[in-house]
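This report walks through one protein model, from strands to helices to side chains. Keep the structure in view while reading.

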Amino acid sequence: MAESRGTLVVTVREAEGGGVLQGAAVILTGGGRGSSTGISDTDGAVTFSVQTPPMSAGMTPNPRERPYSTVDLRIVIAGYVTVSIVGEQIFPGQTTRQTVMMGTLDRPSANGTPTQLERVIVIPEHHLYSGGDAPRVQNQQGPELVSTMRTMRSVPAAAIAETPRRVVVPETIRVHLGPPGANAQNVTVPFLDYIKNVACSEIYPTWPETSIISNVIAQVSLALNRLYTEWYPSQGYDFDITNNTAYDQYYVHERGIFDIIDTIVDGYFTNYIARGRQLEPLFAEYCDGANTTCDGMSQWGTVALARRDYTPLQILQYYYGTEVEIREAETAEVVPDSFPGPLQSGDASTEVTTLQNRLNRIAISFPAIPFILPADGTYGETTATAVRAFQRLFRLEETGTVNRETWYRIQYIYTAVKKLAELGSEGEFPQSDAFNGRTLQVGDRGSEVLRVQSYLSYIASAMPGMYTPPTVDGVFGNVTRDAVRAFQNYYGLVQTGTVNEATWNAIVTSYYALGGGEVVPSRPYPGTPLRRGSTGEDVSWVQTMLNTVSTVDLSLPTLAVDGIFGERTEQNVRRFQQNYGLEADGIVGPLTWESLTREYERISAANGN
């Protein structure tokens, strides 16, 4: 049997952004070859060939032998702190690239001895080989939240709209090298390098490429969820994510990177997954699937599916549901800080609207907080009263104004009650009348329940005696169930008392047929369908309406308003149709025109236009 080998390339660089260092001695021990020394060339590089276990060792869980070789390195060059690396990992048929940052020797102390002579980097055993994950701690509501929640109370209909945030891949991410509360080091590293490090630490480079890709996208999605929800900053921490797999994902600072993973991550580090019309990156929970199981993806399971020729999307849908899709995030230098600055009485802005909407969603779960009616972006006494109630409930100073501490506590509680940082997220949605894919039933709560109750109440007022109108409070209780059953009976639907797609569509249709939510169209339907190749003012108006909808539905990119129905306009029309429960044919016919007009008018009215 031929001997299996892998390659290690060590590149020696000067720390703090310096160039490569030529002439460094790189001493390698282990790997079945005793000890050998190489001298860094003009590129600062030294290459070693290392004996490894056979490829088959890394293709099944819990192998008898370690599926990679480990070697130790010692890098020495005059005038620089010596660096020792313990446990460098080399896989069969793969190249590991280790960059070594060399700091200059400190100035001698008073007695003439340098304060630091050597720096040691320890690379633990690979996460899969060491036994995989401990059970992940769910992002559950803490005791403070649980003890504060009470039976919900009745309130008037409240305007609870999602406030979409940007899904951004930042230039850097702050990683805490320990559990959240541990006194551990924070490191700020490029986001791209972070994902490469996590992938190299959690999966094997010998796996099929489609398996690696699906794992990378899940890892990106989990990290972007932490950034999107500001999960740790909203709790007062000064970092974005931890390296502890009980909470987040495995990161080993300054470890070597495998070539194949390096290349794959370069192509996929802006891709994440989201469910259907949900706006937030999915908290893509996963585990090794051999030593630990979970509700999300099995890392070892992705290998088996890849062998069955599943694509990365098919693998992700196998574990997270067929409604999952791969999206691309925008890149930015930093993730925007959501805190807009202090908010107080007299302010009027979209940030105030965001505050009001989040407090209204929190109020569904915490009845001590009054609803803000209307949520119109103006910071009046009603808003100040709700803020004071929130501050009192969560033991903040009762000022009635929103400083950074209050803003981020609201953000944290809002994320918690909607479960945005959990696999079973309630989700943030662009506001529309399309069914969101989740059947509503007794015990559910949220803005979708609130909408059903509001529509059922309107229908009951228009058709007295059909049923007792439900209280519009965002909580699906027995009265709502009975109203749904009566509605289903009247319209010849199966009387389940739950709201599936058929019942949802019937409620929405009835609501508008009876005059609910009427809008005066800015422009009547032109009489003939608009499709690719169409031109003129009607096409410009479609593009304008789509751009307005894109301000709340971030899956729609902004279009040039040029009156030409081209490929990008068709793609946006299809996306709108998908998101709003229409046939996704890319053609603007009467139904699409009506739905698009309704959303345009609603959003324009909300923005005071």
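In which strand is T82 found? T82 is found in strand β6, residues 82-90. The model is a predicted one.

## T82 and its surroundings

T82 is buried, because its relative accessible area is 10% and the cut-off for buried is under 20%. Neighbours within four places in sequence are left aside here. T82 then has contacts with R74, I75 and V76. T82 is also in contact with L117, E118 and R119.

## The four-stranded sheet

Four strands make up an open sheet. Their order is β4-β1-β7-β13, and the pairing is mixed. β4 (45-52) and β13 (257-258) are the edge strands, each pairing on one side only.

Strand β1 covers residues 4-14 and pairs with β7 in the parallel sense. Eight bridges join β1 and β7. Within this pairing, T11 stands opposite T99 of β7. On the β13 side the sense changes: β7 (residues 95-102) and β13 are antiparallel, over two bridges. T96 has F258 of β13 as its bridge partner. R97 has I257 of β13 as its bridge partner. In a regular strand, side chains alternate between the two faces of the sheet.

## Strands β10, β11 and β12

Strand β10 spans residues 172-176, and strand β11 spans residues 186-190. The two pair in the antiparallel sense over five bridges. R174 stands opposite T188 in β11.

β10 also pairs with strand β12, residues 241-242. This pairing is parallel and has two bridges. Here H176 has T242 of β12 as its bridge partner.

## Helix α7

How many of the 16 residues of α7 are buried? The count is 13 of the 16, so α7 is largely enclosed by the rest of the structure. At 1.5 Å a residue, the 16 residues of α7 should span 22 Å. The end C-alpha atoms of α7 are 24 Å apart, which agrees.

T354 lies in α7. T354 counts as buried because its relative accessibility is 10%. T354 and D376 are 22 residues apart in sequence. In space they are 9.7 Å apart, C-alpha to C-alpha.

## Helix α13

Helix α13 runs over residues 537-549 and has 13 residues. From its first C-alpha to its last, α13 reaches 18 Å. That is close to the 18 Å expected at 1.5 Å a residue.

Ten of the 13 residues of α13 are buried, so this helix is largely enclosed by the rest of the structure. The buried residues include V539, S540, W541, V542 and Q543. M545, L546, N547, T548 and V549 of α13 are buried as well. An α-helix has 3.6 residues a turn, so residues three or four places apart point the same way.

## Aromatic residues

The structure holds 21 aromatic pairs. One of them is F366 with F394: the ring centres are 5.4 Å apart and the planes are at 70°, so the pair is edge-to-face. F366 lies in the loop between α7 (350-365) and α8 (381-393). F394 lies in the loop between α8 and α9 (404-418). The pair therefore ties together parts that are 28 residues apart in sequence. Are these two rings buried or exposed residues? F366 counts as buried at 0% relative accessibility. F394 counts as buried at 1%.

Y68, F91, Y129, Y204, W207, F258 and W300 form one aromatic cluster. F258 of this cluster is also the β13 bridge partner of T96. A charge sits over a ring elsewhere: the charged end of R358 is over the ring of Y414, 5.3 Å from its centre.

## Cysteines

How many disulfides does a search of the whole structure find? The search finds zero. C200 counts as buried, because its relative accessibility is 0%. C287 counts as buried too, at 3% relative accessibility.

How values were computed. Residues are numbered from 1 along each chain as its sequence is written. This is a predicted model: local features need pLDDT of at least 70, side-chain atom pairs count only at pLDDT 80 or more; totals for chains, interfaces and linings use all residues. Side-chain values use heavy atoms; hydrogens and water are left out. Two strands pair if DSSP finds at least two bridges between them. Buried means under 20% relative accessible area, exposed over 50%, partly exposed in between (1.4 Å probe, protein chains only). Contact means heavy atoms within 4.5 Å. A disulfide is a pair of cysteine sulfur atoms within 2.5 Å. Rings of Phe, Tyr and Trp (its six-membered ring) pair if their centres lie within 6.5 Å; planes under 30 degrees apart count as stacked, over 60 as edge-to-face and the rest as tilted. A charge sits over a ring if NZ of Lys or CZ of Arg is within 6 Å of the ring centre and within 35 degrees of the ring normal. The expected span of a helix is 1.5 Å times one less than its number of residues.
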